[in-house]
Amino acid sequence: MKTSKISQFKEHGLNVTYLTLEGYVELDRYRYLYFVVMLTIYIFVFCSDIVVVYLICSQRSLQEPMYVFIAALLVNSLVGSTTIYPKLLTDFLSVEQSISYSACLCQGFFVYFLGSSGFTLLSAMAYDRYVSICKPLQYPTLITTATVRRILVLAWLLPACLLGGAALLASRAQLCEFRMNRLYCNIYSIVKLSCGNTIVNDMLSDDNSYFLFIVTW
């Protein structure tokens, strides 16, 4: 397990803070195996999601609410995998596994945002199936194109606003530690690196983070 010797330095005249990711196990021994496995998974996920989304968008017979929600979930999967996998692949081949503080905040925001919006979309899919099975005669009037659009906007906009506020609070925390025992960033792990008991720590504690995650859906 490696630690960073330098957590801050000047780059292009600006102070840049870097965090060290220490969640890797026996990286020196298995780095190429990890790289090949993760690259294979990433290519499979990316290509399969692209194909299914393209089919749903191009085939008029598949442009039903259920398939639209599936396409939205796969878009989430595309963004999520692109948020995490490229950084993992880079770290596997790097001597030191580090990430800038701003990039870590961005990654943490997307991890929480995509998880929350994913649960919202799953709830919408469950409601769509409920109406289809239990109220088939009312289905065309309850699940309209406008309703689906409103659900999609809500599923992405509400988590973005709530978790954007959480990320903003986390960015205001003063860091005392620069090492994170994780493979990737999330907001609460960043807050745990801050100094002492602060208002930000209290607002983004384990219980409140869970509540913030739940209320987005």
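Is Cys104 buried or exposed? Select Cys104 to begin the tour of this predicted model: the residue is buried, with a relative accessible area of 0%.

Keep Cys104 selected and add Cys185, since the two form a disulfide in which the sulfur atoms lie 1.9 Å apart. The structure holds one disulfide, and with -110 degrees about the S-S bond the link between Cys104 and Cys185 is left-handed. Following the chain from each end of this link shows that the pair connects distant parts of it, with Cys104 in helix α3 and Cys185 in the loop between β4 (179–180) and α6, 81 residues apart. Cys185, like its partner, has a relative accessible area of 0% and is buried.

For two further cysteines, turn to Cys47 and then to Cys161. Cys47 is partly exposed, at a relative accessible area of 42%, whereas Cys161, at 52%, counts as exposed because the cut-off for that class is over 50%.

Next, return to Cys104 and select Leu19, Met180 and Ile187 with it: these four touch the most other members of the largest nonpolar core, which has 30 residues. To see where this core is drawn from, colour β2 (14–21), α1 (27–58), α2 (65–92), α3 (101–134), α5 (145–171) and α6 (187–191), the elements that each give two or more residues to it. Helix α3 supplies the largest share, seven residues. A second core, separate from this one, has 12 residues, among them Ala124, Met125, Val131 and Val148.

Now isolate helix α2, whose 28 residues reach 40 Å from the first C-alpha to the last, close to the 40 Å expected at 1.5 Å a residue. Moving along α2, stop at Thr82, where a kink of about 30 degrees lies shortly before the proline Pro86.

Within the same view, where is Ile70 found? Ile70 is found in helix α2, and at 27% relative accessibility it counts as partly exposed, because buried would require a value under 20%. With its neighbours within four places in sequence left aside, Ile70 is in contact with Ile56 and Met125. To finish, display the C-alpha atoms of Ile70 and Met125, which are separated by 8.2 Å although the two residues are 55 apart along the chain; Met125 is also one of the residues in the second core.

Notes: Residues numbered from 1 in each chain as written. Predicted model: local features only at pLDDT ≥ 70, side-chain atom pairs only at ≥ 80, totals over all residues. Heavy atoms only, no water. Core = buried A, V, L, I, M, F, W, Y, C linked by side-chain atoms within 4.5 Å. Buried < 20%, exposed > 50% of the residue type's maximum accessible area, 1.4 Å probe, protein only. Helix = DSSP H or I, 4+ residues; strand = E, 2+ residues; numbered from the N terminus. Disulfide = S-S within 2.5 Å. Expected span 1.5 Å × (residues − 1). Bend = angle between axes of the 7 residues up to and from the residue. Contact = heavy atoms within 4.5 Å.
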